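Colleague: I should like a close look at a single part of this model, namely the second largest cavity. Please describe what lines that cavity, and then follow the helices outward from there.

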Amino acid sequence: MLTRKNTEIIFGGDYFPEQWPQDTWKEDIRLMKQANVNMVSIGIFSWALIQPDENTFTFDWLDKIMDMLAANNIDVCLGTATAAQPNWLTRKYDDILFVRESGEQVPYGSRQTYCVNSPSYRKAIRLLAEKMATHYKGHKALALWHINNEYANKNSMCFCKNCEKAFRGWLQKKYGTIDNLNESWGTVFWSEKYSAWEEINTPRASAGGRNATKLLDYKRFLSESFFTLYLEEYNVIRPITPDVPITSNFEGDWSKFDHYLFRNHLDVVSFNIYPDPGNPDARKWAALRHTMMRSLLGKPFMVMEQAPSQVDWYPVNIPKPPGLMRLWSYQALAHGSDSVMYFQWRASKKGAEKYHSGMVPHFGENSRVFKEISDLGNELKKAKDIVGSTVDSKVAILLDNDSWWAVDNPYGHGTKSLDNEVFWSANGQPFPTVLVSYFGELEYYFNAFYDLNIPVDVIPVDYDFSKYKVIVAPILHMVKPGFKETIENFVKKGGTFITTYFTGVIDESVGVFLDGYIGPLKDVLGVKVEEYNPLPPGGKNAMKMTGTIKGFKKKYGCSIWCDVAHTTSAKTLATFVEGYYTGSPSFTENQFGNGKAYYVATRPDKDFMRDFLSKIADAQGIKISQLPEGVELVTRSGYGRNYGFYLNHSGTKKLVTLPKGKYEDLLTGIAHQGTLNLVKYGVSILRKTK
Ligand code: GAL
């Protein structure tokens, strides 16, 4: 259950009544009822109003709106208001603002300027959380706590003295002795040996390449700091309101901290999704993000924010044309969301976000956008049976933050500098190529499954694999202790394992595996890698199949990277055709116990991905759905029923051939058999009746 009620799809958005005169509030409630809004998120950025100075807390205005919402049967997802601290707090304590890598303390004047490890900030949020929870305990409208907002969005990296101190403490706990640390970090290299904990500084840009283990440890430390920051509030609120579920609204960018750390302390996963309507692959982009959120707890999640129309932070902000907002809302539901919520209820008149769309636009209720919103809000009543069901995947893609941080390094190749605005990777060190991307490869494999309408989960490396038939590990650069055994067991029992180039290169402490990359995965894959050849921009090689294999063409193009590998027990299915390593394996298969392990030594073109993954799906009895171009199918199941979401993302009408049986459309009540017509941006949710 997502919230106390949870028998309906949650529909609503971020609501900032404090930005409007109280007369408007009545109007808001009227329009909310009209649009069938049943939940709003409030309070998120209202700290300065709730606590005007250190010793005063005032809840009058918030009480008033909470009561109005309760009287109208609209639930509240209550923000703890900690995502933007008041100026008086910032000015009073000099440790609040985060410090950029350049050493500059960020000026105040926006949100998320706080340092994740600031003792003064942490003390203040504990007190605020306690006041909020005590004050609203038992309030009829309170359905869900919304702790902070978008952790790490702007302040993911801090290099202040408090972080430095906390980092030393973290290292002491991890390594025990300075000798262990020196050993793990390999500080013998470039005379970096530390003789006391006090010598350890934060890994700010130095004269040249930095210590890779130190960089990764600092990233791990900050990632954990965001989790412990969350716990500061969680631990206060939970005992005061034990029956009210708790969430934190995630940004959806998993590179900034390891989201899996939160797994055991979240009742509901919620996040924000803002695909660019100008991106032709927006639907795949969104599908992956929904999938990651659903997989985090393996149950329905919440879309806490999406845009009613355009955002205001892409270089060019294209509105969602008629029908697209509805379609993308159903896409979220298809992938396992039990809510459709927006940023924000009423488009702002002032402040930084006045060009961002709202459910009630500046134009008011007689607008296209509000009409589409209220039509959808009312239509969703018909789809309420899907609540609580989820997507059942037999394929899982592994996401490992350590491998990600060790590989994706947009600033780390000598020229780019580290900044909070730029994705920060642990890898501020010389590197084989800027063209390889951990997350890019993950996305490439996800999209290939998406194109075959095969549902996947995205899970961490230490997860229980028993429900899956196929595990895919794109660029599993770091192999941690225990993974070798887990994956060998999985394959032995009949599972299929797929991995790629640049896998198994480093261990937990960023030390290279000797005697062949692929490292501990050598046995399961029957391969070891001697060297690698990153290809120049635009460079190509090809994979030539070693024989005629059903379902495969003779040859496929490939790019970005070629591992130069040797098989031990694996069968070579394709070889490279160019370079000094012509004839070396580019694609192998290893029978291991009852299962098979595949190794792809390069980035194959899309036709290979289609043929390869179709073959894997066939072999494992996983259904592939052939649909017209631009049509997506996702099935949610639960309580003995299946709901097939047919989503037409294309600009033209499409005719879909249905599997055998009779179906009923949840939204229209119309019966379907044989075929289904979908108009442009059309949606059908089909339940089998016979
Ligand atoms: C989110 C944020 C909201 C709002 C929105 C605009 O990242 O949580 O407060 O700024 O973006 O798209």
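Modeller: In this predicted model, helix α10 is the element that gives the most to the lining of the second largest cavity, with 3 residues. Two helices, α9 (282-297) and α10 (324-334), each supply at least two residues of that lining. The full set of lining residues is Ile273, Pro275, Ala286, His290, Val303, Gln306, Trp328, Gln331 and Ala332. Sorted by class, the lining comprises 6 nonpolar and 3 polar residues, with no charged residues. The space enclosed there is about 50 Å³. The search of the whole structure that located this cavity finds 3 cavities of 30 Å³ or more. Rolling a probe the size of a water molecule over the atoms shows where empty space is left.

Helix α9 leads from the cavity to a helix pair. The axes of α9 and α13 come within 10 Å and cross at roughly 100°. An angle from 65 to 115 degrees counts as roughly perpendicular, and α9 is therefore roughly perpendicular to α13. On the α9 side, the contact involves Arg283, Lys284, Trp285, Ala287, Leu288, Arg289, Thr291 and Met292. These residues meet Phe439, Leu442, Glu443, Phe446, Asn447, Tyr450 and Asp451 in α13. By class, the contact of α9 with α13 has 8 nonpolar, 2 polar and 5 charged residues. Among the charged residues are Arg283, Lys284 and Arg289 in α9, together with Glu443 and Asp451 in α13.

Helix α13 (residues 438-451) also packs against helix α16 (residues 606-619), at an angle of about 60° and with the axes 10 Å apart. That angle makes α13 oblique to α16. The crossing of these two helices is right-handed. From α13, the residues Tyr444, Tyr445, Ala448 and Phe449 take part, and they meet Lys606, Met609 and Leu613 in α16. The residues of this contact divide into 6 nonpolar, no polar and 1 charged. The charged residue is Lys606 of α16.

A further helix pair may be described in similar terms. The axes of helix α1 (residues 22-34) and helix α3 (residues 60-71) come within 11 Å and cross at roughly 25°. Because angles under 35 degrees count as roughly parallel, α1 and α3 are described as roughly parallel to each other. Helix α1 passes α3 in a right-handed crossing. The contact is made by Gln22, Trp25, Lys26, Ile29 and Met32 of α1 and by Trp61, Lys64, Ile65, Met68 and Leu69 of α3. These residues divide into 7 nonpolar, 1 polar and 2 charged. The polar residue is Gln22 of α1, while Lys26 of α1 and Lys64 of α3 are the charged ones.

Two points of backbone geometry complete the account. The peptide bond from Phe343 to Gln344 is cis, with omega near -5°. Gln344 belongs to the loop between β8 (339-342) and α11 (368-379). Gln112 has a positive phi of about 50°, although Gln112 is not a glycine. The loop that holds Gln112 runs between α4 (87-92) and α5 (119-136).

Technical notes: Residues are numbered from 1 along each chain as its sequence is written. This is a predicted model: local features need pLDDT of at least 70, side-chain atom pairs count only at pLDDT 80 or more; totals for chains, interfaces and linings use all residues. Side-chain values use heavy atoms; hydrogens and water are left out. On a 1 Å grid over the protein atoms alone, a cavity is a set of points where a 1.4 Å probe fits but cannot get out, and a pocket is an open set with protein on both sides within 12 Å along at least five of seven lines; lining residues have an atom within 4 Å of a point. Grid points are joined across faces, edges and corners, and a volume is the space filled by probe spheres set on the points. Helices (H or I, at least four residues) and strands (E, at least two) are DSSP runs, numbered from the N terminus. Axes are lines fitted to C-alpha atoms, for helices over the stretch in contact, and angles run from 0 to 180 degrees between N-to-C directions. Angles under 35 degrees count as roughly parallel, over 145 as roughly antiparallel, 65 to 115 as roughly perpendicular and the rest as oblique. A crossing is left-handed if the near helix is turned anticlockwise from the far one by less than a right angle, and right-handed if clockwise. Contact means heavy atoms within 4.5 Å.
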